[in-house]
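Reader: I have a model open and would like to go through a pocket, some helix contacts and the backbone. Can we take them in turn?

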Amino acid sequence: MTDAPSLPTADADHPEVHVIDTREEYLEAVRALAGGTGPFAVDAERASGFRYSQRAYLIQVFRRGAGVHLFDPPAIGDFSELQEVMSGEEWILHAASQDLACLREVGLDPATIFDTELGARLAGLPRVGLATVVEELLGIHLAKAHSAADWSTRPLPQGWLVYAALDVELLPDLRDRIAELLVAAGKGEIARQEFAAVLEKETPVRLEPWRRLSGMHSLRTPRQLAIARALWTARDELAQQLDSAPGRLVPDLALVAVAKAQPQSKRDLASLKDFTGRASRRELDRWWAAVEAGVADPEPPSMRGTGDGVPAPRVWAEKNPEADRRLKKARAAVTARAEELAIPVENMLTPETLRRVAWAPPAEVTRESIAAALAEHGARPWQLEELSGLLADAFVEARQAPGAAPAEA
């Protein structure tokens, strides 16, 4: 019995990588990239978990015949020349939705993309992380040791730079392999529509972002919520001032612990053992002022939050039994079709879209009316073709199920 042969490691003997941080080097790199061929492989590294902003602290671009180029966005500033060179070609990104915002912030905005992560999902691959897909499809081991690094660090260690370069150097070959799988499965047009939808999707604005504090479920009164909201706001303002990730100042659970305890004095706050974090005592006056503001808030927030008219599915059976039946029938139909196509069910149709249409369907349920309702919520043409009839049938079946109220004459 012998061991399986080890895969080649991508970073073995990789040449030293240089960060471009001067205008002269930047323009030279733009000229080199203009002389390359084919699509541009693009990636961006942020400092999530370390900085407040989601700006890019490193942008990597690779093109066949031009090599890899690593840019320092804060040092370069204006990327208009690079945008002009890249604007007419396809950009390859892995999980594009994570990087588009910070790329657009510096003026880099693609017109056409190939998303290797999304493409891998649509192709039916069971795991779609970059290292996993590269290993499965290209037979190369790609280490991911620095994915959570603080990319605002200067100077950046050489090991990090090699990691960053490999993130784009392998993308063109990966793109071609995934494209082959998609075409062979008859999913080329599906992928094209999904990639276009990624570019068109707008970042949602959260009306009450403080409600996403970890541990919020332990708060039981509107007054506790008011304190939590005031503490979150105070922390967010400080994090912006310091350009620090909020959780590095005071963790979510620490803020929730204060809101739950409702301390009666600054001394009580300081002695609360669950109130941790490097800024918990240094900024004690700030936090106490927030507690007082929350206690005195004349309009404490609702326990239910700002809803969108669609309650959580767990209460549908009680609040709207017919909608509950529609949702269950529709989920089963979507899941079955997703399995037939080897597409993850969440990519077949977003759960939110399914819930909204099941909760408030068209007055007259037909294939055409369901298609219009889905399109209103952003469903793509391929989804309308695949699912409109299935959902219409599911809704009609739910209405005719035993125990359903008879339809009005």
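Reader: Which strand and which helix each supply at least two residues of the lining of the second largest pocket?

Author: This is a predicted model. The second largest pocket holds about 390 Å³ of space, and its lining counts 21 residues. The elements that each give at least two residues to that lining are strand E2 (37–45) and helix H7 (158–169).

Reader: Which element gives the largest share of the lining of the second largest pocket?

Author: Among the lining residues, those nearest the pocket centre are Asp43, Ala44, Glu45, Gln98 and Tyr163. The lining divides into 10 nonpolar, five polar and six charged residues. Its largest share is four residues, and these come from E2.

Reader: Why is H6 described as roughly perpendicular to H8?

Author: Helix H6 (residues 130–138) and helix H8 (residues 171–184) have axes that come within 10 Å and cross at roughly 70°. Because angles of 65 to 115 degrees count as roughly perpendicular, that crossing makes H6 roughly perpendicular to H8.

Reader: How do the residues of the contact of H6 with H8 divide into nonpolar, polar and charged?

Author: H6 passes H8 in a left-handed crossing. From H6 come Leu130, Val133, Val134, Leu137 and Leu138, and they meet Leu171, Asp173, Leu174, Arg177, Ile178 and Leu181 of H8. By class, the residues of this contact are nine nonpolar, no polar and two charged.

Reader: At what angle do the axes of H10 and H14 cross, and how do the residues of their contact divide?

Author: Helix H10 (residues 222–242) passes helix H14 (residues 284–296) with axes that come within 7 Å and cross at roughly 145°. The contact includes Ala226, Ala230 and Ala234 of H10, and Ala290, Ala293 and Gly294 of H14. Its residues divide into 12 nonpolar, two polar and three charged, and the angle asked for is roughly 145°.

Reader: Is the crossing of H10 and H14 left-handed or right-handed?

Author: Two packed helices are described by the angle between their axes and the distance between the axes. Handedness is a separate label, and for H10 passing H14 the crossing is right-handed.

Reader: Why is H19 called oblique to H20?

Author: Helix H19 (residues 367–376) and helix H20 (residues 381–400) pack at an angle of about 120°, with axes 8 Å apart. Angles under 35 degrees count as roughly parallel, over 145 as roughly antiparallel and 65 to 115 as roughly perpendicular, so the rest are oblique. The angle of about 120° therefore makes H19 oblique to H20.

Reader: Which residues in H20 do the H19 residues meet?

Author: H19 passes H20 in a right-handed crossing. On the H19 side are Arg367, Ile370, Ala371, Leu374 and Ala375. They meet Leu384, Glu385, Ser388, Gly389, Leu391, Ala392 and Phe395 in H20.

Reader: Which two residues does a cis peptide bond join?

Author: Most residues other than glycine have a negative phi, and most peptide bonds are trans. Omega is about -5° at this cis bond. Pro155, in the loop between H6 and H7, is one partner, and the pair is Arg154 and Pro155.

Reader: Where is Ala95 found, and what is its phi?

Author: Ala95 is found in the loop between strand E5 (91–93) and helix H4 (100–105). Its phi is positive in a residue other than glycine, with a value near 60°.

Note on methods:
Residues are numbered from 1 along each chain as its sequence is written. This is a predicted model: local features need pLDDT of at least 70, side-chain atom pairs count only at pLDDT 80 or more; totals for chains, interfaces and linings use all residues. Side-chain values use heavy atoms; hydrogens and water are left out. Axes are lines fitted to C-alpha atoms, for helices over the stretch in contact, and angles run from 0 to 180 degrees between N-to-C directions. A crossing is left-handed if the near helix is turned anticlockwise from the far one by less than a right angle, and right-handed if clockwise. Contact means heavy atoms within 4.5 Å. Ala, Val, Leu, Ile, Met, Phe, Trp, Tyr, Cys and Pro count as nonpolar, Asp, Glu, Lys and Arg as charged, and the others, Gly among them, as polar. On a 1 Å grid over the protein atoms alone, a cavity is a set of points where a 1.4 Å probe fits but cannot get out, and a pocket is an open set with protein on both sides within 12 Å along at least five of seven lines; lining residues have an atom within 4 Å of a point. Grid points are joined across faces, edges and corners, and a volume is the space filled by probe spheres set on the points.
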